[in-house]
Amino acid sequence: MKKTSNYGVLIINLGTPDAPSAPAVRRFLREFLSDPRVVDLNPLLWKPILNLIILTVRPSKVAKVYQQVWMDEGSPLLVLSERLRDQLKTKLNDTRGNEIPIELAMTYGNPSIEDGANKLRQAGVKNILVIPMYPQFSGTTTAAAYDRLMFSLKSCPHWPGLHLLHDYADHPLYIKALANSIRAQWDKQGERRHLVLSYHGIPKRYVSNGDPYARRCEITSRLVAEALDLGDHEWTHVYQSRFGREEWLKPYADKTLKALPSMGIKKINVISPAFSIDCIETLEEVTLELGDEFKHSGGIAFDYIPALNDGLDHVALYLDLIKQNTKQWTM
Ligand SMILES: C=CC1=C(C)c2cc3[nH]c(cc4nc(cc5[nH]c(cc1n2)c(C)c5CCC(=O)O)C(CCC(=O)O)=C4C)c(C)c3C=C
Ligand SMILES: [Fe+2]
Ligand SMILES: [Fe+2]
């Protein structure tokens, strides 16, 4: 009979509303945007802006956007993350053939990190490998997930052994997976096109204060360009999803895409490597908003290359991350 391994895996994504409705979006945004890792402004200044302006105006607007991308089973971010977890579940056995429990959790909203960690402990594991589903480390995402994990263990009388993965921006299987999906898109469309690598932005100030995110994104882009043998003029690195008035990482995706056609680049593919899983930011903001802006500025062809989601290459990458980072528990 199969036994349970002495370790388990917790994969953590950002979180998403429970429904595409204004109240559910408000609940999600309140929790997400109240995290000082995400918005580090003085709470005396930020709380009134959040409560009186953002949580009053934004939820109904953003709920309509969620409605556009919502799947039968729920929010794309959750549904597609669950599919990856399920793929991994069927393939996860330790060296002794024991089943390795795996749980999916969200930093904000449901399923919570606390529930995920509790389920793993109830399954009898003594050690947990934690993988935030962010290829490029940022204090706003990876560290925020770890803050929540630590908080959830606050009242736990005996901690599990923990291994906290930092990121995988330059992991060969991650780069290979991105390169393969770009090649597959080129084969499908019968032509290579200028490649735009568009990353979720963060305020520039966070990077000036030491957040390594921009450097990690630049490494991913350079390695993907090398894997595809792209010349300097065949790819562009940008940041999307600006929020608020302060300066964010540049170049901005919207401004760059509007300028590309006037530089003679009228056919592009866009990939968003910072999103391991497709979500509102890729399915609406990139595919629809940026696509429209590019075409209105003279662009002829715009095709988004999906996130790695539950594809075979992504599963292989996660299996490798798990194998390499649990060796200490398999001796
Ligand atoms: C306010 C500041 C924000 C920072 C900093 C930020 C960083 C950041 N976010 C992701 C990944 C995702 N963000 C998503 C949605 C989203 N992000 C922000 C704001 C910041 N993100 C907002 C307000 C929202 C909600 C949508 C909206 O109101 O516009 C999502 C998708 C969630 C979903 O339900 O689909 C993801 C994923 C990264 C990787 C990142 C920094 C590295
Ligand atoms: Fe975000
Ligand atoms: Fe957005």
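**Figure 1. Leu 308 and its surroundings in the predicted model.** In this predicted model, Leu 308 touches Ala 177, Ser 181, Ser 276, Asp 313 and His 314, leaving out residues up to four places away in sequence. Leu 308 sits in the loop between β8 and α11. Even in a loop, Leu 308 counts as buried, because 26 C-beta neighbours fall inside 10 Å and the cut-off for burial is 20 or more. For a sense of scale, look across to Pro 160: the two residues are 148 apart along the chain, and their C-alpha atoms are separated by 30 Å.

**Figure 2. Asn 309, a residue with positive phi.** Asn 309 is found in the loop between β8 (301–305) and α11. Its phi is positive, about 45 degrees, although Asn 309 is not a glycine. Most residues other than glycine have a negative phi, so a positive value deserves a second look. Is Asn 309 buried or partly exposed? With 19 C-beta neighbours inside 10 Å, Asn 309 counts as partly exposed, since a buried residue needs 20 or more.

**Figure 3. Ser 241 and Pro 251 in the loop between β6 and α9.** Here are two backbone features to enjoy in one view. Ser 241 lies in the loop between β6 and α9, and has a positive phi of about 60 degrees without being a glycine. Ser 241 has 20 C-beta neighbours inside 10 Å and therefore counts as buried. Pro 251 is also placed in the loop between β6 (235–240) and α9 (253–259). The peptide bond that joins Lys 250 and Pro 251 is cis, with omega about 0 degrees.

**Figure 4. The cis peptide bond before Pro 111.** Which loop holds Pro 111? Pro 111 lies in the one between β2 (102–106) and α4 (113–122). From Asn 110 to Pro 111 the peptide bond is cis, and omega is near -5 degrees.

**Figure 5. Asn 13 in strand β1.** Asn 13 belongs to strand β1, which covers residues 7–13. With 26 other C-beta atoms within 10 Å, Asn 13 is buried. Setting aside neighbours within four places in sequence, the contacts of Asn 13 are Leu 77, Ser 81, Met 106, Met 133 and Ile 277. Leu 84 makes a handy landmark: Asn 13 and Leu 84 are 71 residues apart in sequence and 12 Å apart in space, C-alpha to C-alpha.

**Figure 6. Val 270 and the largest nonpolar core.** The largest nonpolar core has 83 residues. Which residues have the most contacts inside this core? They are Leu 10, Ile 12 and Val 270. The core draws at least three residues from each of domain 1 (7–168 + 312–330) and domain 2 (172–305). Zooming in on Val 270, and leaving aside its neighbours within four places in sequence, we find contacts with Val 196, Ser 198, Val 286, Leu 290, Phe 302, Tyr 304 and Ile 305. As background, nonpolar side chains tend to be buried together in soluble globular proteins.

**Figure 7. The shell around ligand 1.** Ligand 1 is surrounded by 23 residues, and the closest are Thr 16, Ser 138, His 200, Cys 279 and Ile 280. Three helices, α2 (43–69), α5 (139–152) and α10 (280–296), each supply at least two residues of this shell. By class, the shell has 14 nonpolar, seven polar and two charged residues. Where does ligand 1 lie with respect to the domains? Domain 1 and domain 2 both give residues to the shell, so ligand 1 lies between them.

**Figure 8. Where domain 1 meets domain 2.** The domain assignment gives domain 1 (7–168 + 312–330) and domain 2 (172–305). Their C-alpha centres lie 24 Å apart. To the contact, domain 1 contributes 26 residues and domain 2 contributes 22 residues. On the side of domain 1 that touches domain 2, the elements giving two or more residues are α2, α3 (76–91), α5 and α11 (312–325). That side has 14 nonpolar, nine polar and three charged residues.

**Figure 9. Stepping back to the whole chain.** To place the close-ups, it helps to recall that the protein has 12 helices and eight strands. The radius of gyration is 20 Å, close to the 20 Å that the globule rule gives for 331 residues, so the protein is as compact as a globular protein of that length. Along the principal axes, the C-alpha trace spans about 65 × 50 × 40 Å. Of the 331 residues, 40% count as buried. Among contacts between residues at least 6 apart in sequence, 80% join residues at least 24 apart.

Key
Residues numbered from 1 in each chain as written. Chains lettered and ligands numbered in written order. Predicted model: local features only at pLDDT ≥ 70, side-chain atom pairs only at ≥ 80, totals over all residues. Helix = DSSP H or I, 4+ residues; strand = E, 2+ residues; numbered from the N terminus. Rg over C-alpha atoms; globule rule 2.2 N^0.38 Å. Buried ≥ 20, exposed ≤ 12 C-beta atoms within 10 Å, placed from the backbone. Contact = placed C-beta atoms within 7 Å. Near = placed C-beta within 6 Å. Nonpolar A, V, L, I, M, F, W, Y, C, P; charged D, E, K, R; others polar. Domains from an automatic or database assignment. Core = buried A, V, L, I, M, F, W, Y, C linked by C-beta atoms within 7 Å.
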